[in-house]
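Grab a pencil and open the viewer beside you. The exercises below walk through a structure step by step, each with a worked solution.

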Amino acid sequence: MFITQFLCDNCIIDDFSPSSKDEALYILAEKTSSVSGGVEAEYILGILKERELLGSTGIGGGIAIPHGKVKGIDRLIVIFARSKSGVPFDAIDSMPVHIIFLLIAPDAASISYLKILSRISRLLKTEGFYNSLLQAEDVFSIKKLIKEADERLPLSL
Amino acid sequence: MRILIIGAGAVGGHLCSQLSDEGHDVTLIDTDETKLRRIENDLNILTIQGNGASAEVLEEAGIQKADLFIAVTNIDEVNLIACILAKEYGVVRKVARVRNEEYLSVSSPLNQSSLGLDLLINPDHAMCEEILRICSHLEAFESIELARGDVTLIGYEIRDNSQLCGITLMDIRELKGLYDFVIPAIVRGKETIVPRGEDEIRPDDKIYFIVRRRDIPKLEELIGVKSKRPEKVFIIGGGQVGVRVARALEEQDIQVFLVDNDPKQCEFLAEALDETVILNVDGLNGHELINEGIDTSDLVIAVTSEDTTNILASLLAKHLGAKKCITRISRPDFIPLLGKLGIDVPLSSRLVAANMILKFVRRGTILSAATLLGSHAEVLEFVVSNRWPYASMSIKDIPLPRGVNIGAIVREGQVEIPTGASQIFPNDKLIIFTLKEVAPELEKLFSVY
């Protein structure tokens, strides 16, 4: 299973510049809503916020991986967002977040959800990957970078 | 270490077996020769028949050379006098079991510090603490607080609808940052597995996690369970443990029903407790208990003085519809049976008290230890000495025996859930999970001579 399978062309936000964590989550929820076709943004937002209450998904080093399971969604959805200026995200190292991978999964238990979540986390540890994402010129090159790194990463452990 | 134990009862016997297994020189004193013979047959220890509160007997047992003195007869005064004698003989560390509340309160003229004791253990208090801890994580089958409560070792049974099923340990390791914990052991059927990266989580696995206490809700979200506080609790047995637990639970605004079949005791209980409903009913009378609503209770705690009553009352309550039960057992022989019978949480008074004592006994820098019930494993806390040859190394470069997992590093009050790359420094406190058979090897690795 590759991450790129679930990252559609309009799932990439290049110029992400919300002024607060709430606004960031709202924009991400709206994007998911539009991609999913029909699930309300407010509902998705509630689930994301509930997860953040348990502990920020801003895992430090400018990276956040918000995630959750949403009723009414029929497949995994990955949204990528890049913020050159940085988003306040209440991250564990208190630094602003520049690279966000959002993962939304159907409510029913499936092994792919945690597998992909784990893969995203692993992908972001690829050396140089974070910096090249930040420096990529446009949506097209971001997508290309992710695809290449994803394909280089061994499939299953 | 030379250890003198007074009292060959349940706690004394358990301590003898644990401590002699670990290679300590143990001498056991009791007045009852039959008890001594039985223990002597099983274990390689020295026994002396006589009164532990007698100087002559203590001298015969070699008290002048003892490093640790443990008095656990069932008579408080014998334990206390024995400890006072031990103090006179210059024994540095002294532990006594004491039931009478009078000796335990700080305001009492005879308390732990005025008696010069290192530890006064009240088995009922220890039992209550354990029960209350279980109440706070009802979905877990076991939980042990470590590092002064900042870190918890907690066990959950994985249901087949959990999203963790089919996930490998390697996948989980990658989630570091989002979900920080270590899985030191998985109990699968009769086997205790120390998992490696490629091992997969399966339905019905009982998994131990070492996790920061504040991350427990996050862990429960990942597993797909949610521990709610119990709303309605039945306690069978209005003895010391029953009253203490009832008092603590009613303070948390939990609806408590306390059942005792002795009308006199019920009068006393009604005086002692404010909000708790006292029921003068036999804990084995299903009909009456249903009338009081045991079928819709979240938790039943059976703590009468009789094992058989506790077991039967728990089974009955579960049969009637109670969600979960905690069952006090004094006879350890019963414990292996209980899982099969459907008893959720058997608690052995002996293990609970003995574990508290064992914390004080460990050699070198081991701060505390807990035996995991039903599994052949232990959790230890070590403080790294600056003379330790592996200080400043990464975990993966330390020759840890197989079956050992470092679950947490506590440094200047901060808790780190480590990976193989994590470095260890002098004065770090390590929380270590180990299979019993490699514990002595581990102690050797950590002791600095």
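In this predicted model, the C-alpha centres of domain 2 and domain 3 of chain B are 36 Å apart. Keep that distance in mind for the first exercise.

**Exercise 1. Find out how chain B is divided, and describe its build.**

*Solution.*
Step 1: Begin with the domains. Chain B has domain 1 (2–121), domain 2 (127–131 + 229–352) and domain 3 (358–446). Notice that domain 2 is written as two stretches, 127–131 and 229–352.
Step 2: Look at the secondary structure. Chain B contains 14 helices and 22 strands.
Step 3: Judge the overall packing. The radius of gyration of chain B is 23 Å, close to the 22 Å from the globule rule for 449 residues, so chain B is as compact as a globular protein of that length.
Step 4: Add the dimensions. The C-alpha trace of chain B spans about 65 × 60 × 40 Å along its principal axes.

**Exercise 2. Do the same for chain A, and write down the order of its elements.**

*Solution.*
Step 1: Start with the elements. Chain A has five helices and six strands.
Step 2: Read them from the N terminus. The order is β-α-α-β-β-β-β-β-α-α-α.
Step 3: Turn to the packing. For 157 residues the globule rule gives 15 Å, and the radius of gyration of chain A, 14 Å, is close to this, so chain A is as compact as a globular protein of that length.
Step 4: Note the dimensions. Along its principal axes, the C-alpha trace of chain A spans about 35 × 35 × 25 Å.

**Exercise 3. Explain what the salt bridge between A:R82 and A:D14 ties together.**

*Solution.*
Step 1: Recall the principle. Side chains of opposite charge can pair when their charged atoms come close.
Step 2: Check the distance. The closest N and O atoms of A:R82 and A:D14 are 2.6 Å apart, and the cut-off for a salt bridge is 4 Å.
Step 3: Locate both residues. A:R82 sits in strand β5 (residues 77–87) of chain A, while A:D14 is in the loop between β1 (12–13) and α1 (21–36), so the pair ties together parts 68 residues apart in sequence.
Step 4: Set the pair in context. Over all chains, the count is 24 salt bridges.

**Exercise 4. Describe how chain A and chain B meet.**

*Solution.*
Step 1: Count the residues. In chain A, 19 residues are in contact with 19 residues of chain B.
Step 2: Consider the area. The two chains bury about 1800 Å² between them, with 61% of it on carbon and sulfur atoms.
Step 3: Look for charged pairs. Three salt bridges cross the interface; one of them joins B:E221 and A:R51 at 3.9 Å, N to O.
Step 4: Count the polar contacts. Eight residue pairs are in polar contact between chain A and chain B.
Step 5: Find the contributing elements. On the side of chain A that touches chain B, α2 (41–54), β4 (67–70) and α3 (111–123) give two or more residues. The most come from α3(A), with eight residues.
Step 6: Sort by class. That side of chain A has nine nonpolar, five polar and five charged residues.

Note on methods:
Residues are numbered from 1 along each chain as its sequence is written. Chains are lettered from A and ligands numbered from 1 in the order in which they are written. This is a predicted model: local features need pLDDT of at least 70, side-chain atom pairs count only at pLDDT 80 or more; totals for chains, interfaces and linings use all residues. Side-chain values use heavy atoms; hydrogens and water are left out. Contact means heavy atoms within 4.5 Å. Buried area is the accessible area (1.4 Å probe) that two parts lose on being put together, summed over both. A salt bridge is a side-chain nitrogen of Lys or Arg within 4 Å of a carboxyl oxygen of Asp or Glu. A polar contact is a pair of N or O atoms within 3.5 Å; within protein, one must be able to donate a hydrogen and the other to accept it, and residues adjacent in sequence count only if both atoms are side-chain atoms. Helices (H or I, at least four residues) and strands (E, at least two) are DSSP runs, numbered from the N terminus. Ala, Val, Leu, Ile, Met, Phe, Trp, Tyr, Cys and Pro count as nonpolar, Asp, Glu, Lys and Arg as charged, and the others, Gly among them, as polar. Domain bounds come from an automatic or database domain assignment. The radius of gyration is taken over C-alpha atoms; the globule rule is 2.2 Å times the number of residues to the power 0.38.
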